[in-house]
Amino acid sequence: MAEAETNTIINDKDDQETVPKIITFLSSLLQRVAESNDHCRLFQSQKISVFHGLTRPTISIKSYLERIFKYANCSPSCFVVAYVYLDRFVQMQPSLPINSYNVHRLLITSVLVSAKFMDDMYYNNAYYAKVGGISTVEMNLLEVDFLFGLGFQLNVAPTTFHTYCTFLQREMCMQIQSPLQQLLPQPSFNIGRPLKIHCCFNEDESSHQHQLAV
């Protein structure tokens, strides 16, 4: 059953019949996280990194992710793995929460790293730089910084992959909830603190990370 749900989240198309639902759900999740952490900037300082732009990009997260999907030609599974990488990155770099100033660069970098790790064939950094609207030099720098930020922990266990697919399924349920439910007050425990994407590693994943650390 879990495998069937995973295939659904990866292979099903949205209304445009061209983009997998994973793109829609992931962009929605990242949009909510970025907006929440933008608000947190008013309460506590956040570290500036190579992923930060001076201004917010004019292109939306959804349009940017769709652009990456259209031109990168990587497998849909790469976007789930990129999602895992993003979560690992923000957990290992708590002073660098995802916000509107860094989410685009983090996205293009995480997909690049995911494609290199997952796919047999992938485009080089110069191509990804053009897709992402940055220079090749910057793309190279972002990749190196991202890898060190991850501690080079790139392997994703099948159970972890399914866990993150399940979380994206929950995102789908949130999108289709009634307008009345959307107007209900939301928990305030994240006010003033950066909101993370997800935090759910199973025992297999924790053991794997420990082995890599050793």
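A nonpolar patch joins side chains of Val, Leu, Ile, Met, Phe, Trp or Tyr within 5 Å, from residues with over 30% relative accessible area and no salt bridge. The views below come from a predicted model.

**View 1. Val144, Phe148 and Phe152 make a nonpolar patch on the surface.** Together the three residues have about 320 Å² of accessible area. Val144 is found in helix H7, residues 136-150. Its relative accessible area is 42%, so Val144 is partly exposed. That value also clears the over 30% cut-off for patch residues.

**View 2. The whole chain is built from helices, ten of them, with zero strands.** From the N terminus on, the elements run α-α-α-α-α-α-α-α-α-α. The protein chain has 214 residues, and 44% of them are buried. Its accessible surface comes to about 11,200 Å². Carbon and sulfur atoms account for 57% of that surface. Take the contacts between residues at least 6 apart in sequence: 84% join residues at least 24 apart.

**View 3. The largest nonpolar core holds 54 residues.** Four of these residues touch the most other members: Ile68, Phe79, Tyr128 and Phe146. Two or more core residues come from each of H2, helix H3 (61-72), helix H4 (77-92), helix H5 (103-118), helix H6 (125-132), H7 and helix H8 (158-175). H4 gives the most, with eleven residues.

**View 4. Ile68 and its contacts are shown close up.** Leaving out residues up to four places away in sequence, Ile68 touches Asn73, Phe79, Leu107, Ile108, Val111 and Val131. One of these, Phe79, also ranks with Ile68 among the four core residues that touch the most other members.

**View 5. Helix H4 is mostly covered.** Of its 16 residues, 13 are buried. H4 reaches 23 Å from its first C-alpha to its last. That is close to the 22 Å expected at 1.5 Å a residue.

**View 6. Leu29 and Leu168 come together from distant parts of the sequence, 139 residues apart along the chain.** Their C-alpha atoms are separated by 8.2 Å. Leu29 lies in helix H2, residues 21-40. With a relative accessible area of 2%, Leu29 is buried.

**View 7. Glu66 and Lys62 form a salt bridge within one helix, H3.** The structure holds three salt bridges. In this one, the closest N and O atoms are 2.4 Å apart. The two residues are four apart in helix H3, which means a separation of about one helical turn. An α-helix has 3.6 residues a turn, so residues three or four places apart point the same way. Glu66 counts as buried, at 17% relative accessibility. Lys62 is partly exposed, with a relative accessible area of 32%.

**View 8. Arg105 and Glu138 meet in a salt bridge through their side chains.** The N to O distance is 2.7 Å. Arg105 lies in helix H5 and Glu138 in helix H7, so the pair ties together parts 33 residues apart in sequence. Glu138 has a relative accessible area of 21% and is partly exposed.

**View 9. Lys116 forms a salt bridge with Glu143.** Here the closest N and O atoms are 2.9 Å apart. Lys116 lies in helix H5 and Glu143 in helix H7, so this pair ties together parts 27 residues apart in sequence. Lys116 counts as partly exposed, at 28% relative accessibility. Glu143 is buried, with a relative accessible area of 13%.

Key:
Residues are numbered from 1 along each chain as its sequence is written. This is a predicted model: local features need pLDDT of at least 70, side-chain atom pairs count only at pLDDT 80 or more; totals for chains, interfaces and linings use all residues. Side-chain values use heavy atoms; hydrogens and water are left out. Buried means under 20% relative accessible area, exposed over 50%, partly exposed in between (1.4 Å probe, protein chains only). Contact means heavy atoms within 4.5 Å. Accessible areas come from the Shrake-Rupley method with a 1.4 Å probe; for residues, only the protein chains shown count as cover. Patches are made of residues with over 30% relative accessible area and no salt bridge: like charges are joined within 9 Å, nonpolar side chains (Val, Leu, Ile, Met, Phe, Trp, Tyr) within 5 Å. A salt bridge is a side-chain nitrogen of Lys or Arg within 4 Å of a carboxyl oxygen of Asp or Glu. A nonpolar core is a set of buried Ala, Val, Leu, Ile, Met, Phe, Trp, Tyr and Cys residues joined through side-chain atoms within 4.5 Å. The expected span of a helix is 1.5 Å times one less than its number of residues.
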